[in-house]
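Got your viewer open and a selection box ready? Load the model and follow along, one stop at a time.

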Amino acid sequence: MHNLLREGLPFKQFALWRLPLVILLVLAILPLMEQVAWAHAVTEGDKGYIQEISGVKFIPFMYLGAKHMITGYDHLLFLAGVIFFLYRMKHIGIYVTLFAIGHSTTMILGVYYNITMSSYIIDAIIGLSVVYKALDNMGAYQRWFGFQPNTKAATLIFGLFHGFGLATKVQDYEIAQDGLLTNLIAFNIGVEVGQLLALAAILISITYWRRSGSFWKHAYTANVVMMTAGFILVGMHLTGFFAATNS
């Protein structure tokens, strides 16, 4: 797995003039982050439709799964971090497969066995996964601790948490028990389709960026922004958790 430290770009080469740029960018997107944090929550229209139907509805659940992933900005931020320094399709396929195995397992088991937990806490952990991956891309762990964590294991583990995040959203649909397993499989297939579509768009954008001379110049800044967005998501979800607990 590549990172900025391995490419000879340690933290000290992050030009100080970029810090104000990063701060301004974060301040600019801050008003939008609340909408981003809840962009992939269950809409009233989708919830009402699901509550009115029963039995196997393969195509509708596939559509809902794809819609959920494409609008799931926290999931997509993590995926963008995962493939940021991956160049070979074989390596991209390995990491995306590990992530898919993780989130598919916990999403289906969480809903089927009605494993409930605070969606705020799960979404905060998902935000932390974005922070983790951005720091990994910047070579922080080698610099701070002198070793590189197993990136494949981390992708799988965070995939499990992302799956629980999906499960909390699916549970909000209050799906009928009739045809539940088949509908969950359809939803998961839709998630994978949405993930592949979003991943293709991200990969095309990053590949195009890599061909320009600015990629290595601004790669560190991009990961700082990604890390900051992850921290903002964590803060918002934890704030929601404490507000809900004290209400």
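Start with residues 119-137 and 151-172, which are helix 6 and helix 8. Turn the view until you look across the pair: they cross in a left-handed way. Keep in mind that this is a predicted model. The angle between the two is about 155°, and their axes lie 9 Å apart. Helix 6 is therefore roughly antiparallel to helix 8, since angles over 145 degrees count as such.

Now show the side chains at this contact. On the helix 6 side, pick Ser119, Ile122, Asp123, Ile125, Ile126, Ser129, Tyr132, Lys133 and Asp136. Facing them from helix 8 are Thr151, Ala154, Phe158, Phe161, His162, Phe164, Gly165, Thr168 and Lys169. Colour them by class and you get eight nonpolar, six polar and four charged residues. The spacing in such lists has a simple background: an α-helix has 3.6 residues a turn, so residues three or four places apart point the same way.

Next, select helix 4 (residues 73-83) and helix 9 (residues 180-210). How far apart are their axes? The answer is 10 Å, with a packing angle of about 45°. That angle falls between 35 and 65 degrees, so helix 4 and helix 9 are oblique to each other. The crossing of helix 4 with helix 9 is right-handed. Helix 4 brings Leu76, Leu79, Ala80 and Ile83 to the contact, while helix 9 supplies Gln195, Ala198, Leu199, Ile202, Leu203, Ile206 and Arg210. Colour by class again: nine nonpolar residues, one polar and one charged.

Step back along the chain to helix 3, residues 58-70. Which of its residues are buried? Highlight Phe61, Leu64, Gly65, Ala66, His68 and Met69. For a quick ruler check, put a distance label between the end C-alpha atoms of helix 3: they are 19 Å apart, which agrees with the 18 Å that 13 residues should span at 1.5 Å a residue.

Try the ruler on helix 5 too, residues 89-112. Its 24 residues reach 33 Å from first C-alpha to last, close to the expected 34 Å. Just beyond, click Asn114, which follows helix 5 and has a positive phi, near 50°.

Finally, zoom out to the whole chain. You should count ten helices and zero strands. Of the 247 residues, 48% are buried. Take contacts between residues at least 6 apart in sequence: 88% of these join residues at least 24 apart.

Definitions and conventions
Residues are numbered from 1 along each chain as its sequence is written. This is a predicted model: local features need pLDDT of at least 70, side-chain atom pairs count only at pLDDT 80 or more; totals for chains, interfaces and linings use all residues. Side-chain values use heavy atoms; hydrogens and water are left out. Helices (H or I, at least four residues) and strands (E, at least two) are DSSP runs, numbered from the N terminus. The expected span of a helix is 1.5 Å times one less than its number of residues. Buried means under 20% relative accessible area, exposed over 50%, partly exposed in between (1.4 Å probe, protein chains only). Axes are lines fitted to C-alpha atoms, for helices over the stretch in contact, and angles run from 0 to 180 degrees between N-to-C directions. Angles under 35 degrees count as roughly parallel, over 145 as roughly antiparallel, 65 to 115 as roughly perpendicular and the rest as oblique. A crossing is left-handed if the near helix is turned anticlockwise from the far one by less than a right angle, and right-handed if clockwise. Contact means heavy atoms within 4.5 Å. Ala, Val, Leu, Ile, Met, Phe, Trp, Tyr, Cys and Pro count as nonpolar, Asp, Glu, Lys and Arg as charged, and the others, Gly among them, as polar.
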